[in-house]
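User: I've got a structure to go through, and I'd like to know what stands behind each label. Can you take me through the reasoning?

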Amino acid sequence: LLARANGSDLVRVFSGCPPTFSREEFDKLESESTGLRRSFNQWLGKDPKSRVEADQKAFRLKLLAALVQLTKDTVKSKLTESNFLSLLPDVGRSFDLGSGIPRLVIFSPLILANANFDSKAAAREAGFKNAARFAADLKRAEVYVVRGKREANVLSRDYVSALLLGSKGFLVDASGET
């Protein structure tokens with residue numbers, strides 16, 4: 001989802017589930033096709049292994065295209081202050097746990113209004129306080145934050161971590177590298 005800089009709405013950029021299979025699932029797929037039919041499907045590239053590889057390649061290409069588009073959109077707009085936080089309830093409502101545990105990748109400079117925290121404890125307290133105010137349910141999402149080259153307040157990560165935890169999400173990593 002792309003959160004508009006002014007906090008006005010969310011635009012879905014990419015949604016998908018990586019096509020991965022356990023060894024047992026893959027063995028079951030292969031056992032369903034035997035003999036001449038299996039050889040013919042392998043020759044056509046329609047055997048389970050070829051289909052999975054094609055699906056994985058398509059997934060990577062779609063994800064890469066979405067990230068490239070996000071990068072282009074971000075470069076065009078001036079990054080000043082992160083306002084995605086007010087959209088957390090909308091983000092949570094856009095997920096269906098029937099599709100699995102969500103994984104969010106947030107591109108944000110993490111420049112937060114009123115983020116002059118005195119200590120790590122104060123940053124975390126403010127994060128939990130705002131989580132209660134926003135009342136978002138991120139459905140146990142794994143969250144990755146990419147800040148870009150701009151340096152955020154050193155305590156912003158603590159604030160965001162507490163905010164996400166209070167919103168039923170988990171900050172896995174926040175990095176300045178894409």
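User: What makes β4 and β5 paired strands, and which way do they run?

Analyst: This is a predicted model, so read everything below in that light. DSSP pairing takes at least two bridges, and 6 bridges join β4 to β5, so they count as paired, and they run parallel. One of the residues involved is Val-145, whose bridge partner in β5 is Ala-174.

User: Why are β3 and β5 called edge strands?

Analyst: The open sheet has 3 strands in the order β3-β4-β5, with parallel pairing. β3 and β5 each have a single partner strand, so one side of each has no neighbour in the sheet. From one strand to the next, the twist averages 20 degrees.

User: Why is the contact between Glu-142 and Arg-103 called a salt bridge?

Analyst: The cut-off is 4 Å between a side-chain nitrogen of Lys or Arg and a carboxyl oxygen of Asp or Glu. For Glu-142 and Arg-103 the N to O distance is 3.0 Å, so the pair qualifies. Glu-142 sits in β4 and Arg-103 in β3, so the bridge ties together parts 39 residues apart in sequence.

User: How do you know whether Arg-103 and Glu-142 are exposed or partly exposed?

Analyst: Exposed means over 50% relative accessible area, and partly exposed runs from there down to 20%. Arg-103 has 56%, so it is exposed. Glu-142 has 28%, which makes it partly exposed.

User: What makes Arg-157 and Asp-173 a salt bridge?

Analyst: Their closest N and O atoms are 3.6 Å apart, within the 4 Å limit, so this pair qualifies too. Arg-157 belongs to helix α6 and Asp-173 to strand β5, so parts 16 residues apart in sequence are tied together. Arg-157 is partly exposed at 35% relative accessibility, and Asp-173 is partly exposed at 37%. The structure holds 2 salt bridges.

User: Where does α6 lie, and at what angle to β5?

Analyst: α6 lies across β4 and β5, and runs at about 155 degrees to β5.

User: Which residues touch the most other members of the largest nonpolar core?

Analyst: That core has 23 residues, and the ones touching the most other members are Leu-104, Leu-138, Val-143, Val-145, Tyr-159 and Leu-164. Elements giving two or more residues include β3, β4 and β5, while α6 gives the most, with 4 residues. In soluble globular proteins, nonpolar side chains tend to be buried together.

User: What is Val-145 in contact with beyond its neighbours within four places in sequence?

Analyst: Its contacts there are Ile-106, Ser-108, Leu-110, Leu-171, Asp-173, Ala-174 and Ser-175.

Note on methods: Residues numbered from 1 in each chain as written. Predicted model: local features only at pLDDT ≥ 70, side-chain atom pairs only at ≥ 80, totals over all residues. Heavy atoms only, no water. Buried < 20%, exposed > 50% of the residue type's maximum accessible area, 1.4 Å probe, protein only. Axes fitted to C-alpha atoms, helices over the stretch in contact; angles between N-to-C directions. Contact = heavy atoms within 4.5 Å. Core = buried A, V, L, I, M, F, W, Y, C linked by side-chain atoms within 4.5 Å.
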